[in-house]
Amino acid sequence: MKHVGLTGGVASGKSAVAAKFAELGAVVIDADALARDVVAPGTPGLAAIKDSFGAGILLPDGSLDRKALGAIVFSDEPQRLKLNAIVHPLVRQAAKELREQAPAEALVVEDIPLLVESGQAEDFDAVIVVQAPHEERIRRMVEDRGWSVEDARSRMAAQATDEQRAAVADYVLENFGTLEDLQGRVADLYQQLTKAAGE
Ligand SMILES: Nc1ncnc2c1ncn2[C@@H]1O[C@H](COP(=O)(O)OP(=O)(O)OP(=O)(O)O)[C@@H](O)[C@H]1O
């Protein structure tokens, strides 16, 4: 089994790449989805967050109040680290369980937005980085998601730079053209990765 990490800046096209890999037959693991699953109601993850941050981070229905928790951790580094120390190991464990269920010959692609920032590059056989023009990424965040330009810029500024991501990349997928161009590049890369896995 070949195990690759997929990352890129916000709105660079990671999900589009992951979707194409899945269509081609890869087993895709979505770290953002796992990060939600491990704090769903009734999970040990949510109980641990409640123990650390208090019942104020729960909504009346018992689910996580992301806004309240965000307000606590957003500008408070120690609190953010405390939250990460609860959530990250649970996500890694959940990802490991999914990897173990994957067929032996599968290409496993883990989509991890902050792979570079969290120093996980060494955990993979290879790292794929998606790069896209900054103006286009900001346009997507503003027009498609309704964020302010300021929010879009500060989200980008809080992440690693293109250069930092490129420095750990084994493969860079340039998303500078149409979605079809990108999908074609993913298909080529899938071929390359699955061929290499069989050798
Ligand atoms: N080359 C492209 N041409 C047109 N639209 C694109 C292209 N690449 C991505 N998009 C669109 O831009 C939006 C953002 O892409 P996507 O969701 O794949 O990014 P992401 O990196 O996963 O974002 P996030 O960091 O928020 O998870 C989506 O609506 C996607 O369809």
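**Exercise 1. Determine how α6 and α7 are oriented to each other in this predicted model, and which residues form their contact.**

Solution. Step 1: helix α7 comprises residues 149-157, and its axis comes within 9 Å of the axis of α6. Step 2: the two axes cross at roughly 130°. Angles over 145 degrees would count as roughly antiparallel, and 65 to 115 as roughly perpendicular; α6 and α7 are therefore oblique to each other. Step 3: the crossing of α6 and α7 is right-handed. Step 4: on the α6 side, the contact involves Arg137, Ile138, Met141 and Val142, which meet Val149, Ala152, Arg153 and Met156 of α7. Step 5: by class, this contact of α6 with α7 holds six nonpolar and two charged residues, with no polar ones.

**Exercise 2. Classify the packing of α3 and α5 and describe the contact between them.**

Solution. Step 1: helix α3 covers residues 44-53 and helix α5 covers residues 77-101. Step 2: their axes lie 10 Å apart and the packing angle is about 170°. Since angles over 145 degrees count as roughly antiparallel, α3 and α5 are therefore roughly antiparallel to each other. Step 3: Gly45, Ala48, Ile49 and Ser52 of α3 meet Lys82, Ile86, Val87 and Leu90 of α5. Step 4: the residues of this contact of α3 with α5 divide into five nonpolar, two polar and one charged.

**Exercise 3. Establish the strand order of the open sheet, identify its edge strands, and locate α1 relative to the sheet.**

Solution. Step 1: five strands make up the open sheet, arranged as β2-β3-β1-β4-β5 with parallel pairing. Step 2: β2 (27-30) and β5 (171-174) are the edge strands, each pairing on one side only. Step 3: on average, and with direction ignored, neighbouring strands of the sheet are turned by 25° against each other. Step 4: β1 (residues 2-8) pairs with β4 (residues 126-131) in the parallel sense over five bridges, and Leu6 stands opposite Ile128 in β4. Step 5: β4 also pairs in the parallel sense with β5, over four bridges; here Val129 stands opposite Val172 in β5. Step 6: α1 lies across β1, β2, β3 (107-111), β4 and β5, and runs at about 155° to β1.

**Exercise 4. Describe the shell around the ligand by its residues, its contributing elements and its composition.**

Solution. Step 1: the ligand is surrounded by 15 residues, of which the closest are Val10, Gly13, Lys14, Ser15 and Ala16. Step 2: the elements that give two or more residues to this shell are α1 (14-24), α6 (134-144) and α9 (179-198). Step 3: α1 provides the largest share, three residues. Step 4: the shell divides by class into six nonpolar, six polar and three charged residues. Step 5: two of these elements recur in the earlier solutions, as α1 lies across the strands of the sheet and α6 meets α7.

Notes:
Residues numbered from 1 in each chain as written. Predicted model: local features only at pLDDT ≥ 70, side-chain atom pairs only at ≥ 80, totals over all residues. Near = placed C-beta within 6 Å. Nonpolar A, V, L, I, M, F, W, Y, C, P; charged D, E, K, R; others polar. Axes fitted to C-alpha atoms, helices over the stretch in contact; angles between N-to-C directions. Parallel < 35°, antiparallel > 145°, perpendicular 65-115°, else oblique. Left-handed = near helix turned anticlockwise from the far one by under 90°. Contact = placed C-beta atoms within 7 Å. Pairing = 2+ DSSP bridges.
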